[in-house]
Amino acid sequence: METDKFNHVGERIKYIRKLNSKTQIQFSEILSISQASLSEIESGKSKPMFDTLKKIGSTFLIDMNWLLNNTDLDKKKALNNKEIQLVNKFRQLEEISQDEMLEYIEFKLKR
């Protein structure tokens, strides 16, 4: 599914859920909402509360401009589980270690 073809925020939320291989029940538990509420949001029958949007953005490292408006100036897409883990662990490193990791990635890409 192309991420620029979404008609409403619920479709983008569903995309994030599926990208992270979560059922509606699992995803609704992460967001602290009911599965029925999530179903209505994903179908476009209701709008998500701001706290729900905020939790999606922070938990899954989602660009809020894309989530709310389907606009993404940098063409960044939602991150999957491995990408989220990588970013979170990278942020825990000291700056010199971050630089080393970037050099290692550049090395691996040249192979």
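**Group meeting talk: an all-helix chain, starting from α4**

Let me begin at the end of one helix, where α4 is followed by L61, a residue whose phi is positive, near 50°. Before I go back into that helix, please keep in mind that what we have in front of us is a predicted model, and that every value I mention this morning has been computed from it.

First, the overall picture. The secondary structure of the protein chain comes to 7 helices and 0 strands, so if you read along the sequence you meet the pattern α-α-α-α-α-α-α. The C-alpha atoms fill a box of roughly 50 × 25 × 25 Å, taken along the principal axes. Of the 111 residues in the chain, 28% are buried, and the chain exposes about 8,000 Å², with carbon and sulfur atoms supplying 52% of that area. As for charge, there are 19 positive and 17 negative charges, and their mean positions are 6 Å apart. One further number concerns how the chain meets itself: among contacts between residues at least 6 apart in sequence, 53% join residues at least 24 apart.

Now let us return to α4, which covers residues 50–60. Which residues of this helix are buried? They are T52, L53, I56, G57 and F60. Seen down the axis of α4, these buried residues fall within an arc of 135°, and therefore they line one face of the helix. The face turned away from that buried side carries the exposed residues F50, D51 and S58, and I would ask you to find both faces on the structure for yourselves. What, then, do the buried residues of α4 pack against? Their partners are four other helices, namely α1 (9–19), α2 (24–31), α5 (64–69) and α6 (81–92).

One residue on the buried face, T52, is useful to look at by itself. Because buried means under 20% relative accessible area, T52 counts as buried at 7% relative accessibility. Leaving aside its neighbours within four places in sequence, T52 is in contact with L31 and I33. The C-alpha atoms of T52 and S28 are separated by 9.7 Å, although these two residues stand 24 places apart along the chain.

The next helix I want to discuss is α1, which is one of the partners of α4. The buried residues of α1 are V9, G10, R12, I13, Y15, I16 and R17, and what covers them includes α2, α3, α4 and α5.

That brings us to the nonpolar core. The largest one has 17 residues, and those with the most contacts inside it are I13, I16, I56 and L67. The elements that give two or more residues to this core are α1, α2, α3 (35–43), α4 and α5, and the largest share, 4 residues, comes from α1. If we take L67 as our viewpoint and leave aside its neighbours within four places in sequence, we find it in contact with V9, R12, I13, I16, L53, I56 and I62.

Let me also point out a residue that comes before the helices begin. F6 is found in the segment before α1, and with a relative accessible area of 7% it is buried. The C-alpha atoms of F6 and N70 are separated by 7.2 Å, while the two residues are 64 places apart along the chain.

Finally, I come back to positive phi values, which is where I started. Just after α1, S21 takes a positive phi of about 55°, and this is a residue other than glycine. S21 is found in the loop between α1 and α2. Is S21 buried or exposed? With a relative accessible area of 63%, S21 is exposed. A further serine, S32, has a positive phi of about 60° although it is not a glycine. S32 lies in the loop between α2 and α3, and at 57% relative accessibility it counts as exposed.

To close, I suggest following α4 on the structure once more, from the buried face that holds T52, L53, I56, G57 and F60 to L61, the residue of positive phi that follows the helix.

Conventions:
Residues are numbered from 1 along each chain as its sequence is written. This is a predicted model: local features need pLDDT of at least 70, side-chain atom pairs count only at pLDDT 80 or more; totals for chains, interfaces and linings use all residues. Side-chain values use heavy atoms; hydrogens and water are left out. Buried means under 20% relative accessible area, exposed over 50%, partly exposed in between (1.4 Å probe, protein chains only). The arc is that of the directions from the helix axis to the C-beta atoms. Contact means heavy atoms within 4.5 Å. Accessible areas come from the Shrake-Rupley method with a 1.4 Å probe; for residues, only the protein chains shown count as cover. Lys and Arg count as positive and Asp and Glu as negative; His and the chain ends are not counted. The place of a charge is taken as NZ of Lys, CZ of Arg, CG of Asp or CD of Glu. A nonpolar core is a set of buried Ala, Val, Leu, Ile, Met, Phe, Trp, Tyr and Cys residues joined through side-chain atoms within 4.5 Å.
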